[in-house]
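Here are some exercises to work through with the model open beside you. Try each task before you read its solution.

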Amino acid sequence: MKQSFRTFLFLLLVALPVLAQREHGVRPTDTGGPLMVEQASYDVHSYDVTLNVDPKTKSLKGKTVMTARITIPTNVIVLDLDTPFTITRVAEPTGLDNSMRDLKFERKSGKVWVWYPMTRQTGEEITIETTYAGIPREAPRAPWVGGFMWAKTPSGADWISVALQNDGADLMFPVKDHPSDKPAIAAMHITVPDPLVAAGPGKLEGIKKNPDGTSTYNWRMTNPIANYSIVFNAAPYRTIEDNVKSVTGENIPIVFYILPENYEKGRKLIEETKKYNAFYEKYNGPFPFRSQKLGIVETPHLGMEHSTHIAYGNKFEYNADGYDWLMLHEFGHEWWANLVTASDWRDFWIHEGFQSFMDTLYLEEIKGKDAYFASMKNRAKNTRNMQPVAPRESKIAYQVYMAEPDYLKSDGDIYGKGAVVLHTLRYLIGDDAFFRALRRMAYPTKQMETFTDGRQERLVNTDDFLTIAEEESKMDLDWFFELYLRQPKLPRLVSEVTGSTVNLRWETPNNMPFRMPVDVEVNGKIQRIEMKDGKGTINFTGTPPVIDPKGWVLTAQ
Ligand SMILES: [Zn+2]
């Protein structure tokens with residue numbers, strides 16, 4: 001009774017708010033989608049982002065230096081920068097001393113065309129410096145619909161936050177706003193009024209006190225990083241420093257940027273996060289950013305997986321099972337989003353579905369299998385099945401994250417349905433093959449687990465996981481991926497009782513092939529019905545069999 005009540009509480013407090021469709025009333029701006037040739041023609045190497053941030057006027061002055069390599073000969077390239085900003089100059093180094101020359105540019109609906117006088121050739125390095133200023137878009141519903149937040153701490157100090165995942169980093173700086181191009185290096189130089197402290201990605205290289213009552217925080221991330229993780233948060237933060245030993249034996253530095261009001265609560269969250277790290281390292285391999293840091297930053301919005309500076313805004317609340325579901329979730333994205341990154345938002349589920357699976361697996365880890373099954377059943381009940389989890393065509397983020405046709409609320413299936421599809425795959429191919437496949441999706445080889453210089457990271461898609469799962473299980477899994485991920489509808493398991501026989505058959509959209517086995521409980525004993533050609537038969541005496549008593553297989557209800 002106690003156990004099931006706790007499980008019920010978990011479902012109520014944790015699973016439902018995550019899975020339920022969330023009304024946003026507003027749609028994010030575009031990020032990702034089909035790549036224009038003027039964007040495909042270069043490969044970003046680094047962004048150096050300088051921002052002078054003024055919370056009084058809610059404005060910023062910025063300069064971004066992008067370095068890139070030309071991949072297709074071109075005399076024009078396209079950057080994204082949100083429309084509220086005014087660009088005063090686009091320039092490139094002349095190559096003589098430190099002088100710069102202007103480049104011609106043109107702006108059209110959030111994009112910047114930069115023209116070269118002569119075609120730049122494949123392999124050529126380019127450097128573009130953009131100077132701009134303005135009042136950035138305020139986030140309508142951070143973190144889901146993003147932008148800037150000009151919040152106040154409980155003591156009334158300025159608390160600045162930026163969340164850009166579904167909208168793209170072009171809401172803050174000029175960028176190639178596409179998930180397929182993570183820069184190898186991202187530097188940030190954030191100037192804020194004293195006593196604000198600006199937290200950013202990677203390592204803090206120094207703080208410079210300026211004569212005008214501001215300070216500049218210099219951050220440098222030397223592992224590839226998604227555009228939406230190149231953000232900052234600022235408040236009169238205090239820091240808690242600690243460290244944790246990785247499964248590799250290396251020491252991972254931990255830094256928590258926390259409001260002074262909550263300082264005492266920080267230690268416990270760090271201790272919790274160490275447990276989450278051990279859990280993730282066990283299943284997914286080593287913490288990927290050992291050469292940088294395990295960073296946590298307290299934010300006025302719920303949270304976001306910013307690599308090496310996880311945004312945390314769950315108010316230090318622990319659920320009925322004693323853990324912080326938000327920290328568990330966002331931190332797990334260091335593997336599923338930041339180590340392994342979908343190269344197009346059509347595969348957003350590799351971030352959210354894989355991580356949601358891990359969230360529920362953690363429940364199995366600390367509470368046992370019954371809690372895991374209860375959570376998965378709940379996730380299965382909440383699937384919407386209106387759009388494919390992993391569509392084949394290129395998508396901008398909100399087309400996958402939010403629900404068709406108006407994209408004003410979240411769809412949720414990339415989370416919950418993604419997790420249950422992995423759960424069903426676990427049943428189909430068995431724990432050994434499944435957990436090997438999961439590990440290989442994170443790190444394809446043992447050698448990759450040893451890298452800390454950025455080579456550990458990969459851009460991936462759904463077919464990569466199909467290939468790995470097929471290799472590990474030695475099974476053909478096309479039919480499984482096609483049905484569950486490439487189209488929205490669920491299969492229906494039809495059972496007909498004649499005398500002492502139950503006939504089972506799969507009914508699928510467009511008669512898609514589906515040979516998913518299913519457990520059947522006959523007189524208290526569970527047996528697996530193989531369902532070759534989508535059909536199976538069980539004979540019984542006494543009470544009719546219970547089909548799929550544990551809820552392994554995702555089906556239409
Ligand atoms: Zn997430």
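**Exercise 1: A loop residue and its distant partner**

Task: Decide whether Glu-393 is buried, partly exposed or exposed, then place it in the chain.

Solution. Step 1: with a relative accessible area of 44%, Glu-393 is partly exposed; buried means under 20% relative accessible area, exposed over 50%, and partly exposed in between, with a 1.4 Å probe and protein chains only. Step 2: Glu-393 sits in the loop between helix 6 (369–381) and helix 7 (397–401). Helices (H or I, at least four residues) and strands (E, at least two) are DSSP runs, numbered from the N terminus. Step 3: from C-alpha to C-alpha, Glu-393 and Pro-34 are 8.6 Å apart in space, yet 359 residues apart in sequence.

Before you go on, note that this is a predicted model, in which local features need pLDDT of at least 70 and side-chain atom pairs count only at pLDDT 80 or more, while totals for chains, interfaces and linings use all residues. Residues are numbered from 1 along each chain as its sequence is written, and side-chain values use heavy atoms, with hydrogens and water left out.

**Exercise 2: The core**

Task: Find which residues touch the most other members of the largest nonpolar core, and which helix gives the most to this core.

Solution. Step 1: a nonpolar core is a set of buried Ala, Val, Leu, Ile, Met, Phe, Trp, Tyr and Cys residues joined through side-chain atoms within 4.5 Å. Step 2: the largest one has 168 residues, and Leu-51, Ile-128, Phe-232, Phe-357 and Tyr-484 touch the most other members. Step 3: helix 8 (residues 416–442) gives the most to this core, with 15 residues. Step 4: look around Tyr-484, leaving out residues up to four places away in sequence; among its contacts are Val-389, Lys-417, Val-421 and Phe-514. Contact means heavy atoms within 4.5 Å.

**Exercise 3: Checking helix 3**

Task: Compare the expected span of helix 3 with the distance between its end C-alpha atoms.

Solution. Step 1: the expected span is 1.5 Å times one less than the number of residues. Step 2: for the 22 residues of helix 3 (residues 263–284) this should be 32 Å, and the end C-alpha atoms are 31 Å apart, which agrees. Step 3: inspect Asn-284, which lies in helix 3 and counts as buried at 0% relative accessibility. Not counting residues up to four places away in sequence, its contacts include Trp-335, Trp-336 and Tyr-443. Step 4: just after helix 3, Gly-285 takes a positive phi of about 100°.

**Exercise 4: Aromatic pairs**

Task: Classify the ring pair of Tyr-323 and Tyr-362, starting from Phe-287 and Phe-289 as a model case.

Solution. Step 1: rings of Phe, Tyr and Trp (its six-membered ring) pair if their centres lie within 6.5 Å; planes under 30 degrees apart count as stacked, over 60 as edge-to-face and the rest as tilted. Step 2: the whole structure holds 42 aromatic pairs. One of them is Phe-287 with Phe-289, edge-to-face at 6.1 Å centre to centre and 80° between the planes. Phe-287 is buried at 0% relative accessibility, and Phe-289 is buried with a relative accessible area of 0%. Step 3: the ring centres of Tyr-323 and Tyr-362 are 5.2 Å apart and their planes are at 80°, so this pair is edge-to-face. Step 4: Tyr-323 lies in the loop between strand 20 (310–312) and helix 4 (325–332), and Tyr-362 in helix 5 (residues 349–367), so the pair ties together parts 39 residues apart in sequence. Tyr-323 counts as buried at 3% relative accessibility, and Tyr-362 does at 5%.

**Exercise 5: A five-stranded sheet**

Task: Work out which strands stand at the edges of the open sheet.

Solution. Step 1: the five strands follow the order 16-17-18-20-19, with mixed pairing; two strands pair if DSSP finds at least two bridges between them. Step 2: strand 16 (238–245) and strand 19 (303–304) each have a single partner strand, so they stand at the edges with one side left without a neighbour in the sheet. Step 3: strand 19 and strand 20 pair in the antiparallel sense over two bridges, and Gly-303 stands opposite Tyr-312 in strand 20. Step 4: in the loop between strand 19 and strand 20 you will find Thr-308, whose phi is near 65°, a positive value in a residue other than glycine.
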